[in-house]
Amino acid sequence: MKRLNKRLRLSAVLLALAMCPAVCAQSFRVGTADARPGQRADGFLEVPAGVDAGMKIPVVVVNGAKAGPVLALVAGSHGTEYASVIALERVITTLDPGQLTGTVVILPLVNQASFEQKVPHLNPADGKNMNRFFPGKADGTQTERASQVITKEVIDRSTYVIDYHGGDLDESLVPYTYWGPTGHADQDRVSKEMALAFGLNRIIIWRERPTDPAATRYLDNTASVHGKPSIVVEAGHAGTTEMEDVGLLFNGTISVMRTLKMLAGDPLPIENPVWLEKTVDVNSERTGIFYPLVLRGGYVEAGMKFGYVTDAFGKTIYVARAPVAGIILHICAVPSMKQGEGIATIGVVGKAP
Ligand SMILES: [Zn+2]
């Protein structure tokens with residue numbers, strides 16, 4: 001009898017918790033941004049100094065009048081992938097907490113030093129890629145400490161995660177989404193719905209990723225391994241902020257929020273995206289001057305010559321051939337080419353999952 005009472009009491013508590021999100025919105029604080037229900041707050045995530053200097057990451061919390069899921073939107077871990085940063089700025093200035101169910105946590109520009117100094121790919125403070133060291137560690141360099149703060153303060157407290165990227169200063173890129181299935185049917189169904197709702201018409205199925213929670217490397221993979229549906233979206237190229245790219249990222253965000261019932265209105269999912277079953281990188285075997293022969297988004301056959309590298313005297317020293325047939329997802333946008341660095345990434349077309 002005592003046990004039954006205990007069980008009843010536990011059921012009552014669980015029922016109250018389950019009903020709570022519908023009625024009892026609460027304050028939500030991330031770093032120094034503390035937003036009451038129906039309000040927005042701006043602040044910073046503080047990454048304390050350690051073996052090198054600390055840093056501050058701007059954070060915006062838009063706390064809906066009605067309680068609901070927590071959606072994290074993160075851009076600028078590569079600070080010169082500008083279209084993604086500008087798209088989240090547009091989300092920040094557009095979202096009305098009064099119309100929102102749940103909470104949106106936005107990190108519009110993780111890597112401010114990269115942005116200010118116009119340094120692509122890396123964090124100038126420690127020379128590390130800010131999307132390769134998750135879940136991070138407290139005794140590492142700035143990138144690793146920042147990754148740990150983002151994991152604890154943002155990813156672990158979210159229900160869903162979207163990570164924004166694009167072609168960097170030296171990359172000419174077509175828009176696409178990464179969807180990383182985990183083998184957990186419910187989670188994969190939701191993340192796939194997010195990928196379709198985002199609306200970009202190419203979706204890369206990213207299957208081979210680390211599953212060790214201590215070595216997840218990527219931000220979205222950290223969320224996935226922690227059981228949170230997540231996607232990566234990419235648009236923009238070579239330092240530009242064209243309205244078409246910014247618009248795709250902005251509209252995709254709104255459409256996902258509608259799918260997740262955080263905003264009213266109908267989502268606009270893509271109906272027949274091109275599913276890409278894998279990507280193949282082509283790196284240059286020589287240092288020199290790069291000349292592309294295809295545009296981003298172009299289709300190449302296996303063996304096709306799609307670019308070449310010359311020395312300073314105009315002599316061709318390397319010919320880039322496609323190792324597989326597929327779509328040029330991005331191709332080097334500048335003539336500077338270093339041995340071992342990326343010429344292009346080719347997406348291999350697969351079947352719809
Ligand atoms: Zn990036």
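1. A residue is called buried here when its relative accessible area is under 20%. Glu 81, at 6%, is therefore buried. Keep in mind as you read on that this is a predicted model.

2. Glu 81 matters for this note as a zinc ligand. The zinc ion is coordinated by His 78 through ND1, by Glu 81 through OE (listed twice) and by His 165 through ND1, with distances of 2.0 to 2.4 Å. Along the chain, these donors follow the spacing H-x2-E-x83-H. Glu 81 sits in the loop between β5 (66–74) and α2 (82–94), while His 165 belongs to strand β7 (residues 160–165), so this pair ties together parts that lie 84 residues apart in sequence. His 165 also counts as buried, its relative accessibility being 4%.

3. On to the geometry of that site. The angles among the 4 donor atoms run from 58 to 154 degrees, and the site comes out as irregular. For four donors to count as tetrahedral, all angles would have to lie between 85 and 135 degrees, so a range of 58 to 154 degrees doesn't qualify.

4. Next, the aromatics: there are 7 aromatic pairs in the structure. One of them is Tyr 164 with Phe 198, an edge-to-face pair with 6.2 Å from centre to centre and 65 degrees between the planes. Tyr 164 is in strand β7 and Phe 198 in helix α5 (residues 185–198), so to speak a link between distant parts of the chain, 34 residues apart. Both partners count as buried: Tyr 164 has 0% relative accessibility, and Phe 198 has 3%.

5. Tyr 291 and Tyr 308 make a stacked pair, because their ring centres are 5.1 Å apart and their planes meet at 15 degrees. This pair, too, links distant parts of the chain: Tyr 291 comes from strand β13 (residues 288–292) and Tyr 308 from strand β15 (residues 305–310), 17 residues apart. Tyr 291 counts as partly exposed at 35% relative accessibility, and so does Tyr 308 at 22%.

6. There's a ring cluster as well. Ring pairs join Tyr 176, Tyr 178, Trp 206 and Tyr 218 into it.

7. Last, the surface. Val 274, Tyr 299 and Val 349 form a nonpolar patch there, and together they have about 250 Å² of accessible area. Tyr 299 lies in strand β14 (residues 299–300). With 48% relative accessibility, Tyr 299 counts as partly exposed, since the exposed class begins over 50%.

How values were computed: Residues are numbered from 1 along each chain as its sequence is written. This is a predicted model: local features need pLDDT of at least 70, side-chain atom pairs count only at pLDDT 80 or more; totals for chains, interfaces and linings use all residues. Side-chain values use heavy atoms; hydrogens and water are left out. Patches are made of residues with over 30% relative accessible area and no salt bridge: like charges are joined within 9 Å, nonpolar side chains (Val, Leu, Ile, Met, Phe, Trp, Tyr) within 5 Å. Accessible areas come from the Shrake-Rupley method with a 1.4 Å probe; for residues, only the protein chains shown count as cover. A salt bridge is a side-chain nitrogen of Lys or Arg within 4 Å of a carboxyl oxygen of Asp or Glu. Helices (H or I, at least four residues) and strands (E, at least two) are DSSP runs, numbered from the N terminus. Buried means under 20% relative accessible area, exposed over 50%, partly exposed in between (1.4 Å probe, protein chains only). Donors are N, O and S atoms within 2.8 Å of the metal (3.2 Å for Na, K and Ca); water is not among the atoms, so sites may look incomplete. Four donors count as tetrahedral if all angles lie between 85 and 135 degrees; four count as square planar and six as octahedral if opposite donors are over 155 degrees apart and all others between 65 and 115; anything else is irregular. Rings of Phe, Tyr and Trp (its six-membered ring) pair if their centres lie within 6.5 Å; planes under 30 degrees apart count as stacked, over 60 as edge-to-face and the rest as tilted.
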